[in-house]
Amino acid sequence: MSGLKLSNLSKCFGKAEVIRGVDLEIEDGEFVVFVGPSGCGKSTLLRMISGLEDITGGDLWIGDRRMNEVQAARRGVAMVFQSYALYPHLTVKQNMGFGLKVRKEKPAEIARRVEDAARTLQLGSLLDRYPRELSGGQRQRVAIGRAIVGHPDVFLFDEPLSNLDAELRVHMRAEIAALHKRLRNTMVYVTHDQIEAMTLADRIVVLRDGRIEQVGSPRQLYSRPDNIFVAQFIGSPK
Ligand code: ADP
Ligand code: MG
């Protein structure tokens, strides 16, 4: 059981309150997409869930555990970033296994999980290459592979495809959808690409100025946006 519950969550940087009382429940296995203008708090919210940013107020639950004070590595959460953040001096195989090695998993177990993830993401032939020898799409697949091997309950994606060209984005979008279908774990995904949001999401959360403006299925938001602001982000005519 690893749904999420955000209860009156808030975050201040100094005097600036950038997340302002967010309430949201995400079901186990649900694919939820956050959209909203630059600076509205999407990344901050993901970083609060992952434990990279501490929580100023409210409560964060993952499954039945309150996570406010739990360190990032113990939350069962993996995050994939826009800038793949691969280690340049490590091979694909070593990059994918790095986190498990730090956690002192047995080498045989690391090898098994890396092979498994490589199969899922069709990285098998690339395992001994270095990041500089990969295309953008391949690098992003390695970054996703690195998240998969930890067997997280929850995946967080922060604009994972925005550095890719349009064609590759379409391809990777399909891969992420297939991954969700296969793993069936909870995914929270930030994008500013409306088509990505519409095709991937079970539900879309529209954020504005650190608050939730509207939550609903793509169809609900498309056909019944609460206001013009929401309509703009879902791409329906104003
Ligand atoms: P988004 O991902 O939606 O573009 P962010 O979550 O990155 O937005 O930022 C939300 C707000 O918080 C912005 O006003 C940003 O300037 C501010 N912010 C983010 N990180 C910090 C930080 N470490 N220190 C101060 N302000 C920050
Ligand atoms: Mg951001």
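The following exchange concerns a predicted model and its sheets, helices and ligand shell.

Residues are numbered from 1 along each chain as its sequence is written, while chains are lettered from A and ligands numbered from 1 in the order in which they are written. In this predicted model, local features need pLDDT of at least 70 and side-chain atom pairs count only at pLDDT 80 or more, whereas totals for chains, interfaces and linings use all residues.

Colleague: Which residues does the UniProt annotation "domain: ABC transporter" cover?

Modeller: The annotation comes from an unreviewed UniProt entry; UniProt positions are given in the numbering used here, feature names are shortened, and annotations may be inferred rather than shown by experiment. The span is 37% helix and 26% strand, and its end C-alpha atoms lie 24 Å apart. Helices (H or I, at least four residues) and strands (E, at least two) are DSSP runs, numbered from the N terminus. The annotation covers residues 4–234.

Colleague: In what order do the strands of the four-stranded open sheet lie?

Modeller: Two strands pair if DSSP finds at least two bridges between them, and the pairing in this sheet is antiparallel. The edge strands, β2 (16–26) and β5 (65–66), each pair on one side only. The order is β2-β1-β4-β5.

Colleague: How many bridges join β1 to β2?

Modeller: The two strands run antiparallel, with Leu4 opposite Ile26 in β2 and Ser10 opposite Arg20 in β2. They form a hairpin with two residues between the strands, where Gly14 takes a positive phi near 60°. The number of bridges between β1 and β2 is eight.

Colleague: Is Asn8 buried or exposed?

Modeller: Asn8 lies in strand β1 (residues 4–13) and has a positive phi of about 50° although it is not a glycine. A residue is buried if 20 or more other C-beta atoms lie within 10 Å of its own, exposed if 12 or fewer, and partly exposed in between, with C-beta atoms placed from the backbone. Because Asn8 has 11 other C-beta atoms within 10 Å, its class is exposed.

Colleague: Why does Glu159 count as partly exposed?

Modeller: Glu159 is placed in the loop between β7 (154–158) and α5 (166–183). Its phi is near 45°, a positive value in a residue other than glycine. Glu159 counts as partly exposed because its C-beta neighbours inside 10 Å number 19.

Colleague: Which helix gives the largest share of the shell around ligand 1?

Modeller: The shell consists of Phe13, Val18, Gly36, Ser38, Gly39, Cys40, Gly41, Lys42, Ser43 and Thr44, where a residue is near a molecule or strand if its C-beta atom, placed from the backbone, lies within 6 Å of it. By class it has three nonpolar, six polar and one charged residues; Ala, Val, Leu, Ile, Met, Phe, Trp, Tyr, Cys and Pro count as nonpolar, Asp, Glu, Lys and Arg as charged, and the others, Gly among them, as polar. The largest share, three residues, comes from helix α1 (residues 42–50).

Colleague: At about what angle does α1 run to β2?

Modeller: The buried residues of α1 are Lys42, Ser43, Leu45, Leu46, Met48 and Ile49, and just after the helix Gly51 takes a positive phi of about 95°. Axes are lines fitted to C-alpha atoms, for helices over the stretch in contact (C-beta atoms, placed from the backbone, within 7 Å); angles run from 0 to 180 degrees between N-to-C directions. Helix α1 lies across β1, β2 and β4 (57–62), and its angle to β2 is about 65°.

Colleague: What is the order of the open sheet of six strands?

Modeller: The pairing in this sheet is mixed. Its edge strands are β6 (77–80) and β10, each pairing on one side only, and the twist averages 20° from one strand to the next. β6 and β7 run parallel, joined by four bridges, and Met79 has Leu156 in β7 as its bridge partner. The order is β6-β7-β8-β3-β9-β10.

Colleague: Which residue in the turn between β9 and β10 has a positive phi?

Modeller: Strand β9 (residues 203–208) runs parallel to β3 (residues 31–35), with four bridges between them, and Val32 stands opposite Arg203 in β9. Five bridges join β9 to β10 (residues 211–216) in an antiparallel arrangement, in which Val205 stands opposite Val215. The β9 and β10 hairpin has two residues between its strands, and the turn residue with a positive phi of about 50° is Asp209.

Colleague: Against which helices do the buried residues of α2 pack?

Modeller: In helix α2 (residues 92–102), the residues Val92, Lys93, Asn95, Met96, Gly97 and Leu100 are buried. Just after α2, Lys104 takes a positive phi of about 65°. The buried residues of α2 pack against α3 (107–120) and α4 (136–148).

Key
Contact = placed C-beta atoms within 7 Å.
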